[in-house]
Amino acid sequence: MDTGKDFEEFARAQIPRLYRTAWLLCGDRHHAEDLVQETLAKMMSAWGRIDTPGAYARTALVRTFVSQRRRKSWGERPTEVLPEVAERVGDVELRVALQSALGELAPLDRAVLVLRFFEDRSVEQVALDLGKKTSAITTRTSRALERLRAVLGDGADQLIAL
C-alpha cells in the first residue's frame, strides 16, 4: 500500500469540498486557498495515523481557520497607499523613557504594572495570573508606581497621552 499515492488521491478528491467550506468560512478566494493548503499539509504529516480522513480534514480546516482569526495580524490588509498617521510630539522620547524606567523595576513589579495598566487587567486577574494574593498585588502596584514616578520625574504626567 502506497500511503503517498493514497494521500494524493484523497487530496484530489476532497479539494473542491474543502475549498467550498473554506471559502464559506473566509469569504475570500485567496484565504480559502491558503486554508485548504495548510489543512492538507497538516494532514499529510499525520496521514498514517488518520482513521477517518474526511472528518479529520473538516476538523483541521475549521480549527485552522479559528486559530488564524485569533492572530492579531489577521485583520491586516495590504494597501497601495498608507494612511496618514498623526505624529504626536515627544511620543518616541516618552515611550523610550517609559521602557527604560520599566527596565529599572524588579521583574515582578514590571509584570504587575504591565498587566494592570497596559493589558487593562483587574487586580484579581493579575493576582490569579501571578499566583499572588490581591492585597500583595495592590501593595506592589502602589510601590511600583511610586518607583516609576521617581524614575520618570516630570515625564510621568505625559504618560496619560499614551
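Colleague: What makes arginine 116 count as lying over the face of phenylalanine 117?

Modeller: In this predicted model, arginine 116 is placed 5.2 Å from the centre of the phenylalanine 117 ring. The distance limit for a charge over a ring is 6 Å, and the value of 5.2 Å meets it. Arginine 116 is therefore listed as lying over the face of that ring.

Colleague: Which residues does threonine 141 contact, leaving aside its neighbours within four places in sequence?

Modeller: Threonine 141 is in contact with Val112, Leu113, Arg116 and Phe117. A contact here requires heavy atoms within 4.5 Å. Threonine 141 itself belongs to helix α7, which spans residues 134-152.

Colleague: Is threonine 141 buried or exposed, and how do you know?

Modeller: Its relative accessible area is 8%. Buried means under 20%, so threonine 141 is classed as buried.

Colleague: How do you know that arginine 140 forms a salt bridge with aspartate 109?

Modeller: The closest N and O atoms of arginine 140 and aspartate 109 are 2.5 Å apart. The rule accepts a side-chain nitrogen within 4 Å of a carboxyl oxygen, and the pair therefore qualifies. Arginine 140 lies in helix α7 and aspartate 109 in helix α5 (residues 107-118), so this bridge ties together parts that are 31 residues apart in sequence.

Colleague: What does aspartate 109 do with arginine 147?

Modeller: Those two residues also form a salt bridge, with their closest N and O atoms 2.2 Å apart. With aspartate 109 in helix α5 and arginine 147 in helix α7, the pair ties together parts that are 38 residues apart in sequence. Salt bridges that share partners thus join Asp109, Arg140 and Arg147 into one network.

Colleague: How are aspartate 109, arginine 140 and arginine 147 classed by accessibility?

Modeller: Aspartate 109 has a relative accessible area of 3%, and as buried means under 20%, it is buried. Arginine 140 stands at 31% and arginine 147 at 39%. The range for partly exposed runs between the 20% and 50% limits, so arginine 140 and arginine 147 are partly exposed.

Colleague: Why does the pair of lysine 42 and glutamate 38 count as a salt bridge?

Modeller: The closest N and O atoms are 4.0 Å apart. The cut-off is within 4 Å, and the pair is accepted as a salt bridge. Lysine 42 and glutamate 38 are four residues apart in helix α2, which means that about one helical turn separates them. Lysine 42, at 36% relative accessible area, is partly exposed, and glutamate 38, at 27%, is partly exposed too. The count of salt bridges comes to four.

Colleague: How many aromatic pairs does a search of the whole structure find?

Modeller: The search finds two. In one of them, phenylalanine 7 and tryptophan 47 have ring centres 5.2 Å apart and 75 degrees between their planes. Centres within 6.5 Å make a pair, and planes over 60 degrees apart make it edge-to-face, so this pair is called edge-to-face. Phenylalanine 7 lies in helix α1 and tryptophan 47 in the loop between α2 (29-46) and α3 (53-70), so parts 40 residues apart in sequence are tied together.

Colleague: What kind of pair do phenylalanine 10 and tryptophan 47 form?

Modeller: Their centres are 5.4 Å apart and their planes stand at 40 degrees, so the pair is tilted. An angle of 40 degrees is neither under 30, for stacked, nor over 60, for edge-to-face. Phenylalanine 10, in helix α1, is 37 residues from tryptophan 47. Ring pairs link Phe7, Phe10 and Trp47 into a cluster. Against the limit of under 20%, phenylalanine 7 is buried at 10%, phenylalanine 10 at 13% and tryptophan 47 at 14%.

Colleague: What makes leucine 25 partly exposed?

Modeller: Leucine 25 has 31% relative accessibility, and this value falls between the 20% and 50% limits. Leucine 25 sits in helix α1 (residues 3-26). Together with Val62 and Val66, Leu25 forms a nonpolar patch on the surface, with about 180 Å² of accessible area. Membership requires over 30% relative accessible area, which the 31% of leucine 25 satisfies.

Colleague: How many helices and strands are there in the protein?

Modeller: There are seven helices and zero strands. Buried residues account for 27% of the 162 residues.

Definitions and conventions: Residues numbered from 1 in each chain as written. Predicted model: local features only at pLDDT ≥ 70, side-chain atom pairs only at ≥ 80, totals over all residues. Heavy atoms only, no water. Patch = residues over 30% accessible without salt bridge, like charges linked within 9 Å, V, L, I, M, F, W, Y side chains within 5 Å. Areas by Shrake-Rupley, 256 points an atom, 1.4 Å probe, with all protein chains shown as cover. Helix = DSSP H or I, 4+ residues; strand = E, 2+ residues; numbered from the N terminus. Buried < 20%, exposed > 50% of the residue type's maximum accessible area, 1.4 Å probe, protein only. Phe/Tyr/Trp six-rings, centres within 6.5 Å; stacked < 30°, edge-to-face > 60°. Lys NZ or Arg CZ within 6 Å of the ring centre and 35° of its normal.
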